[in-house]
Amino acid sequence: MNYDDSLWWTFLLIGLATTLPRASFILLGARVALPPYIQQALRYAPAAALAAIVVPDVVLVAGSLQPFNPKLAAAAAAVAVALLWRNPWLPFIAGMGVLLGLKFGLGW
């Protein structure tokens, strides 16, 4: 097995590139305040990360884009229920009900 120095340098640089930005918030603490527009943008980061994880699974079926599938209908039902009622459990129940109903009830 050939160990090339460039591979270790790559590992080191990747490690620094991921560690330094995270450590800067811990080391600097409250001494540096982010501008308000960045703080406002960071409030949407969890929702954006969740959407980036969920949307491809809902829209893609077997690696291809299919806008009409049971998962998308279940997600739409879950979003509609979440918007109508602020109960955290109802979207799960509605989404799973629609998904199971379409898959096993209608064979979609």
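## Basis of the description

Contact, as the word is used here, means heavy atoms within 4.5 Å. The structure is a predicted model, in which local features need pLDDT of at least 70, side-chain atom pairs count only at pLDDT 80 or more, and totals for chains, interfaces and linings use all residues. Residues are numbered from 1 along each chain as its sequence is written, and side-chain values use heavy atoms, with hydrogens and water left out.

## Asn-69 and its surroundings

Leaving aside its neighbours within four places in sequence, Asn-69 is in contact with Val-58, Val-59, Val-61 and Trp-108. Asn-69 is found in the loop between strand 2 (64-65) and helix 4, where helices (H or I, at least four residues) and strands (E, at least two) are DSSP runs numbered from the N terminus. With a relative accessible area of 3%, Asn-69 is buried; in this report buried means under 20% relative accessible area, exposed over 50%, and partly exposed in between, with a 1.4 Å probe and protein chains only.

The side chain of Asn-69 reaches two backbone atoms: the oxygen of Val-58 at 3.2 Å and the nitrogen of Lys-71 at 2.9 Å. For such polar contacts the criterion is a pair of N or O atoms within 3.5 Å, where within protein one must be able to donate a hydrogen and the other to accept it, and residues adjacent in sequence count only if both atoms are side-chain atoms.

## The salt bridge

Lys-71, whose backbone nitrogen is reached by the side chain of Asn-69, also forms a salt bridge with Asp-57, the closest N and O atoms being 3.6 Å apart. Because Lys-71 lies in helix 4 (residues 70-84) and Asp-57 in helix 3 (residues 45-59), the pair ties together parts that are 14 residues apart in sequence. A search of the whole structure finds 1 salt bridge, the term being reserved for a side-chain nitrogen of Lys or Arg within 4 Å of a carboxyl oxygen of Asp or Glu. Both partners count as partly exposed, Lys-71 at 29% relative accessibility and Asp-57 at 47%.

## Helix 4 and helix 5

Pro-70 lies in helix 4 and is buried, with a relative accessible area of 11%. Not counting residues up to four places away in sequence, Pro-70 touches Leu-99, Leu-102, Lys-103 and Trp-108; Trp-108 is also among the contacts of Asn-69. Pro-70 and Gly-101 are 31 residues apart in sequence and 9.0 Å apart in space, C-alpha to C-alpha. Gly-101 lies in helix 5 and is partly exposed, with a relative accessible area of 34%, and its C-alpha is 46 Å from that of Pro-36, the two residues being 65 apart in sequence.

Ala-77 is likewise found in helix 4 and counts as buried at 19% relative accessibility. Residues up to four places away in sequence aside, Ala-77 touches Ala-94 and Val-98. Ala-77 and Leu-34, by contrast, are 38 Å apart, C-alpha to C-alpha, with their positions 43 residues apart in sequence.

## Aromatic pairs

The structure holds 2 aromatic pairs. The rings of Trp-8 and Phe-11 have their centres 5.6 Å apart and their planes at 80°, so this pair is edge-to-face. The rings of Phe, Tyr and Trp (its six-membered ring) pair if their centres lie within 6.5 Å, and planes under 30 degrees apart count as stacked, over 60 as edge-to-face and the rest as tilted. Trp-8 and Phe-11 are 3 residues apart in helix 1 (residues 5-28) and are therefore separated by about one helical turn, and Phe-11 counts as partly exposed at 46% relative accessibility.

Trp-89 and Phe-92 form a tilted pair, with 6.2 Å centre to centre and 50° between the planes. Trp-89 counts as exposed at 60% relative accessibility, as does Phe-92 at 56%.

## The nonpolar surface patch

Trp-89 and Phe-92 also belong to a nonpolar patch on the surface, which they form with Leu-84, Trp-85, Leu-90 and Ile-93 and which has about 750 Å² of accessible area together. Patches are made of residues with over 30% relative accessible area and no salt bridge, like charges being joined within 9 Å and nonpolar side chains (Val, Leu, Ile, Met, Phe, Trp, Tyr) within 5 Å; accessible areas come from the Shrake-Rupley method with a 1.4 Å probe, and for residues only the protein chains shown count as cover. Helix 5 (residues 90-105) gives the most to the patch, with 3 residues, and Phe-92 is found in this helix.

## A positive phi at Ala-62

Ala-62 has a positive phi of about 55° although it is not a glycine. Ala-62 lies in the loop between strand 1 (60-61) and strand 2, and counts as exposed at 82% relative accessibility.
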